[in-house]
Amino acid sequence: MTEDTTGLPSEPGSQWYDNEAGPLVRPYAMTGGRTRPGPTGVRLDLIALVTLDARAPDDITALGPEHRALVDLCRTDTQSVAELAAGTDLPVGVVRVLLGDLLELGRVTVSRPVPPAQLPDERILREVIEGLRAL
């Protein structure tokens, strides 16, 4: 096998492998060229929380390898979009598109954490606890 000027093997069929980097697949190939997540109105920002839908079928053989990796990560615990991107070593944009697919298939649910401004005041919570203890 010979190498071209980029250091890649020039053998036919081996253009998807770089000796130093390993397998090389462009992000748009994983998403079919799509750049936006599926369902409209769903915000998949970095802190959106992704949970495996309990009603989803267990059979994931029909899914692609990247989709299966996301499902496997969500199987143990709720994960943020950022955690899923880090856990799969995929770009965030790709993870968003793949999560959109999983949402449309009913495999995952997405929720948003409560912003700190909407959480109850700590003083009020302490008064409620004291009131319950007084009962």
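Colleague: How far does helix α4 reach from its first C-alpha to its last?

Modeller: Keep in mind that this is a predicted model. Helix α4 covers residues 92–104, which gives it 13 residues. At 1.5 Å a residue the expected span is 18 Å, and the helix comes close to that, with a reach of 18 Å.

Colleague: And which residues in α4 are buried?

Modeller: The cut-off for buried is under 20% relative accessible area. In α4 that gives a list with valines, leucines, a glycine and an aspartate: V94, V95, V97, L98, L99, G100, D101, L102 and L103.

Colleague: What phi does G106 take, just after α4?

Modeller: G106 comes just after the helix α4. Its phi is positive, at about 75 degrees.

Colleague: Is M30 buried or exposed?

Modeller: M30 sits in helix α1, residues 27–30. Along the chain M30 is 68 residues from L98, yet their C-alpha atoms are separated by 8.4 Å. Buried means under 20%, and M30 has a relative accessible area of 17%, so M30 is buried.

Colleague: Let's do the sheet. Which strands stand at the edges?

Modeller: The open sheet has three strands in the order β4-β3-β5, with antiparallel pairing. A strand at the edge has a single partner strand, so one side of it is left without a neighbour in the sheet; that applies to β4 and β5.

Colleague: How many bridges join β3 and β5?

Modeller: Strand β3 is residues 49–52, and β5 is 108–111. T51 stands opposite T109 in β5. The two strands pair in the antiparallel sense, and the number of bridges is four.

Colleague: Over in β4, which residues is S80 in contact with, leaving aside its neighbours within four places in sequence?

Modeller: S80 belongs to strand β4, residues 79–80. With a relative accessible area of 11%, S80 is buried. Its contacts, leaving aside neighbours within four places in sequence, are L46, I47, A48 and L49.

Colleague: On to charges. How many salt bridges does a search of the whole structure find?

Modeller: Side chains of opposite charge can pair when their charged atoms come close. One of the salt bridges joins D72 and R75, at 3.5 Å from N to O. Both lie in helix α2, three residues apart, about one turn of the helix. Over the whole structure, the search finds five.

Colleague: What is the N to O distance between E122 and R126?

Modeller: E122 and R126 both lie in helix α5, four residues apart, or about one turn of the helix. E122 is partly exposed at 47%, and R126 is partly exposed at 49%. Their side chains meet in a salt bridge, N to O, at 2.5 Å.

Colleague: By about how many helical turns are R123 and E127 separated?

Modeller: The side chains of R123 and E127 meet in a salt bridge, 3.3 Å from N to O. E127 counts as partly exposed, at 48% relative accessibility. R123 and E127 are four residues apart in helix α5, so the separation is about one helical turn.

Colleague: Which residues form the nonpolar patch on the surface?

Modeller: One of them, I124, lies in helix α5, residues 122–134. At 41% relative accessibility, I124 counts as partly exposed. Together the patch residues have about 440 Å² of accessible area, and they are I124, V128, L132 and L135.

Definitions and conventions:
Residues numbered from 1 in each chain as written. Predicted model: local features only at pLDDT ≥ 70, side-chain atom pairs only at ≥ 80, totals over all residues. Heavy atoms only, no water. Expected span 1.5 Å × (residues − 1). Buried < 20%, exposed > 50% of the residue type's maximum accessible area, 1.4 Å probe, protein only. Patch = residues over 30% accessible without salt bridge, like charges linked within 9 Å, V, L, I, M, F, W, Y side chains within 5 Å. Areas by Shrake-Rupley, 256 points an atom, 1.4 Å probe, with all protein chains shown as cover. Salt bridge = Lys/Arg side-chain N within 4 Å of Asp/Glu carboxyl O. Contact = heavy atoms within 4.5 Å. Pairing = 2+ DSSP bridges.
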